[in-house]
Structures are given as structure tokens and as C-alpha cells.
Amino acid sequence: SSTRPKGGPRGTDMMASAFAVAPAGQAPRAPLLRGATEQGGPALGAEPPAAAGSGVSGGAAALAALATLGLVANRRNSSSKSRGERIAMFITRGKAFLTPNKKGMQPLINRPLARDTIKDTLTHWKQKYTKASDFEDLMKKTLYGKVQVQFASEFFTDEKPWLPIGESARGARSKPPNDHVDDSVYVRKYLDPARFKKLEIPNWEMPADHTKAVTLDELIKAGVQYGHSSSKWHTTMLPYVYADYGGTHIFDLVQTAAMINRACYYVMEAASKGARFMLVGSKEQAGPYVEACAQRCGALYCSTRFVGGTFTNYRLITEGIELAKKLKEEERQGAWKNLPQETKELNKLACNRLYRKYKGLWDYPETGVPDIVILVDEVKERICKLEAARLGIPVIGLVDSNSDIHNIDMPIACNASGSKSIDLILGKLTEAIIRGQAMATENGTTREDIDKEFDPWVFSKDRIRYLRRKYKRQAWKKAFFGSYDEWKAARPFGNIPRVVDYQKMDWNMKIAW
């Protein structure tokens, strides 16, 4: 079959088996035809003339054919002067090239045209050459006589990594670990797990011969038995309510005394191991006592307002504390005396505002997130409770009858609005902390002596946002337990998956090559 090239002159059809190549400016050589040679004589394989008369007619036919070819060559030469070299051979791929699928045809993705040769080759190599020793001989045979191959290292024969790990090797720079140190949850999960865990408290027990920290007479004199108004109460506080007297809930002081004794012994034991505490109480009745007790035991405190993000946004809080320290130092040194009066007033207002906000967290950048939080009135300090639950920080709370004790590990049912009640309970907890700190000084123990272990609380599925809604959890819990309430009875602390033991990784480890 013959075809005509695109853009070529009309009426010039070339055969696919004949081609001619000519440089620019020269006429292409005509192909040799059957019956004629390049010098005009008979071509190889042509039949010899039978007679003189037939030779005259054969010569005339050859001359006519040469003349025709000369005209065609001149016409093609005129069109090829501006196109450079011309290849007068064109091959088509057939009429079925890239056509839609028809009956009995393979899809285009399965045709040889669409084959991924690079991927197929790499797959074949991976299956054929599985070890370094498989292609070592191949490389030597392929490069033999052309390049001298000398292996300067044992990368091809040793099962060692090609790239350095950890410390730099042969001048290569090692990348620092990509840790999210600004994310408090990330740090709590992987870098600095909690030493004192929330999940350890339900199974923690006091010794039978412990010393009582409070008596019933002290509780009655301080008015600890009075709860909130009976018109506003929370169902989780029902087990601790003894009666409803005159529209006010009355607490069971036997349970309250047991809660105080248990909390005092726990904080004493934690302080003896070097635990760091934080007292939170921004109510008007609790602020002075919180500040005084925190200063006695050297703990952090929030007596005017708990700043949102104190636990979960560590970087921003520390930046605010550093700014407050800077403004306070400038005010002490008199660095604002040469500034305009308006700027002085603005700086002074900012300094006082930041000082009131962070005065109890002055050492927070050095100490870090506390190990145990003691708060007064869960309703007022609910943000603190939720942030502590997010990081798995144990919470000891003074709760009233209208409080939600969910995520409070050691609730103390008491009058959280009376100043005498708050003073009594905080005083007992502070004395226990001071005794524990004295024991730590004698024994020389610190919180660093406690082994780091991953905290299952922060990995629990129930802390994930999309599983916090009851209606999203009921479907599969009903299938396995029969109902959500039965699942709650079987798993009071949620679904806690198993985690591996904590493994300390040395990012600067050396590799012996």
C-alpha cells in the first residue's frame, strides 16, 4: 500500500518500501526502478531485449520513464529547499490505532502501546535481583574492558544502610528529629509521658494503719456539710448527698471525711516522689486561700483566673509569662522614664494586666506542666478540668452538689462556696504536701526517678472527638454488650487499647561502618 506524506505536494504518492534522503539544496536521488539502471542501461533482473526493434521501443519507454521521474524530482526539490533534509518514507500504524474498543479488542490500557515499560522492567529486576550479590557479577561483566570497577566500600555486599542514620558520616549532615515540641498533647504522648497517671488512681489504696487527716467535728464546725440549692444539682453527686434540708442539699460527712483522708495520703505519697502541684481557685472566696496555700508548699496557682490553654497551649502561655517578666523588670529598672507619658501609661497597664494574669505561673516555663491539679468548684474551673483530662493530669477537686465529677479522679464532696470549708480542706492538703516534700528531701528522691511509660489515657479511643457523642458509640456497643449502659458498667474507664512499653530513642546514636 502507498501513502502520501502530510504537507507534501499533491499528486506525489510514495511507496512505503522506497525512500530517498537528500541534503538541503540538492535534488533527491531517484530510486532505481525495475528495468532501468542508474546509467540508463537495463536494470538487474530485467529481461534482455529479444530483437533490435524491441530494443528501440524499450529504450524509448525507459527515456520516457526517466523524464517523468526528472520532472517529479525537480518539483520535490523546489519544495524541499526550505525544509532541510527530507525522508521520503512514511509508515502508518493502521486504521485501528487509538480507536475505541470494539468487540473482541483489548482495552487500550492492556495494549502494548500503553504498557509501562519502566515499571515492568523495575518489577522484573526486583524479582530477579533480591540481594546485593546478585548484581555484583553482572556489573563487573557489563563494565569489563570499559571501566575499571573498584568497590571502595562494602555497600554492595554488606547488609548496612546506604545513608547515614543519626550522627553524620563522612561529612554528611544529619537532620534533627522532627518533633512537635509546641504541641502539648504530642509531648505528653511521646516525649514526656505523665509520671502520675489518672488510670492508676482507681486501683490505688491507702494502708490500713494510715493517720487520719481530719475529723468529723472539724468538718461540722467549718460547715462542710452544706451543699448547693436543691433546685440546681447534678446527678453524678447523688451518691454523696445525705438529705435535702430546707431546699439545700446536705452531704454525707462520713464519705467526705474518707475522701479527704484518701486525697491527703495520695498527695503526700506523690510529693515524696517529687510530684509538682498546681492549685486552681478563681472564686472570690477561694482566691486568697489558694494563693496562701500554694506559696506555703511552693506550688503553681491561679487565684484570679485560669487562663485557657495553660496546659494545652504551652508555647503561647510561656511567651506571655516571659513578656510579663520583661515588662516587670523594665519597670523596676526605670527604663520607661524617657518615654512619652502616654507610652508609660500603656506599658504600665499592660504590665499590671499580665502580672495579675500570670502571677501564680511565674515559674511555669521552668517547671512545665504540673503532675497533679487541685481545683476548687468544678463549675467555675471546668476549663481547667477538661484541659487536664486532655493531657491525662490527675485532678483532685472540691465539688459541690451542682458539679459534674466526670474526669475528676479524687472528688471531695463539700461546701465549695464557703470560705471556712475551703480553708480547712486546702489547709489539710497543703500540710500533706509539705510532709511528702520533707520525706523526699530525706530520701533524695525526685520525679525523674520514676520510669517513663506511655500513658494509655491519652491514647484511649474515648478521648477522640468523633467518639465523644453517645449516639455515635451506641451502634457497635449495643451489638457487643446489648446496650450502652451495660457497656458502661463493664468498661467504667472507657475503651483503653494496649500500648507498647516506653522506648527511649537516642537520636544521636553512632553507627559503626
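**Notes on helix α9, the cysteines and the salt bridges**

1. Let's start with helix α9, which covers residues 341-358. Its 18 residues reach 26 Å from the first C-alpha to the last, close to the 26 Å expected at 1.5 Å a residue. Please keep in mind throughout that this is a predicted model.

2. Which residues of α9 are buried? They are Ala 350, Cys 351, Leu 354 and Tyr 358. Viewed down the helix axis, these buried residues fall within an arc of 100°, so they line one face of α9. The general background is familiar: an α-helix has 3.6 residues a turn, so residues three or four places apart point the same way.

3. What does that buried set pack against? The partner is α8, residues 314-333. On the other side of α9, the exposed residues are Gln 341, Glu 342, Leu 349 and Arg 356.

4. Now to the cysteines. The structure holds 0 disulfides. Cys 384 is a good one to look at: its sulfur has its closest cysteine sulfur in Cys 302, at 7.2 Å, which is too far for a bond, given that a disulfide needs the two sulfur atoms within 2.5 Å. Cys 384 is buried, with a relative accessible area of 1%, and Cys 414 is also buried, at 0%.

5. Salt bridges are a richer topic here, with 14 found in a search of the whole structure. One of them joins Asp 409 and Lys 198, whose closest N and O atoms are 2.7 Å apart. Asp 409 sits in the loop between β11 (395-399) and β12 (410-413), while Lys 198 sits in the loop between α4 (184-191) and α5 (216-221), so the pair ties together parts that are 211 residues apart in sequence. Lys 198 is buried, at 2% relative accessible area.

6. Have a look at Glu 378 and Arg 382 too. They form a salt bridge in which the closest N and O atoms are 2.7 Å apart. Is each partner buried or exposed? Glu 378 is buried at 0% relative accessibility, whereas Arg 382 is partly exposed at 35%.

7. Finally, Arg 447 and Glu 448 meet through their side chains in a salt bridge of 3.5 Å, N to O. Glu 448 counts as exposed, at 51% relative accessibility, while Arg 447 counts as buried, at 8%. Both belong to a network of salt bridges that also links Asp 192, Arg 195 and Asp 371.

Conventions:
Residues numbered from 1 in each chain as written. Predicted model: local features only at pLDDT ≥ 70, side-chain atom pairs only at ≥ 80, totals over all residues. Heavy atoms only, no water. Helix = DSSP H or I, 4+ residues; strand = E, 2+ residues; numbered from the N terminus. Expected span 1.5 Å × (residues − 1). Buried < 20%, exposed > 50% of the residue type's maximum accessible area, 1.4 Å probe, protein only. Arc of directions from axis to C-beta. Contact = heavy atoms within 4.5 Å. Salt bridge = Lys/Arg side-chain N within 4 Å of Asp/Glu carboxyl O.
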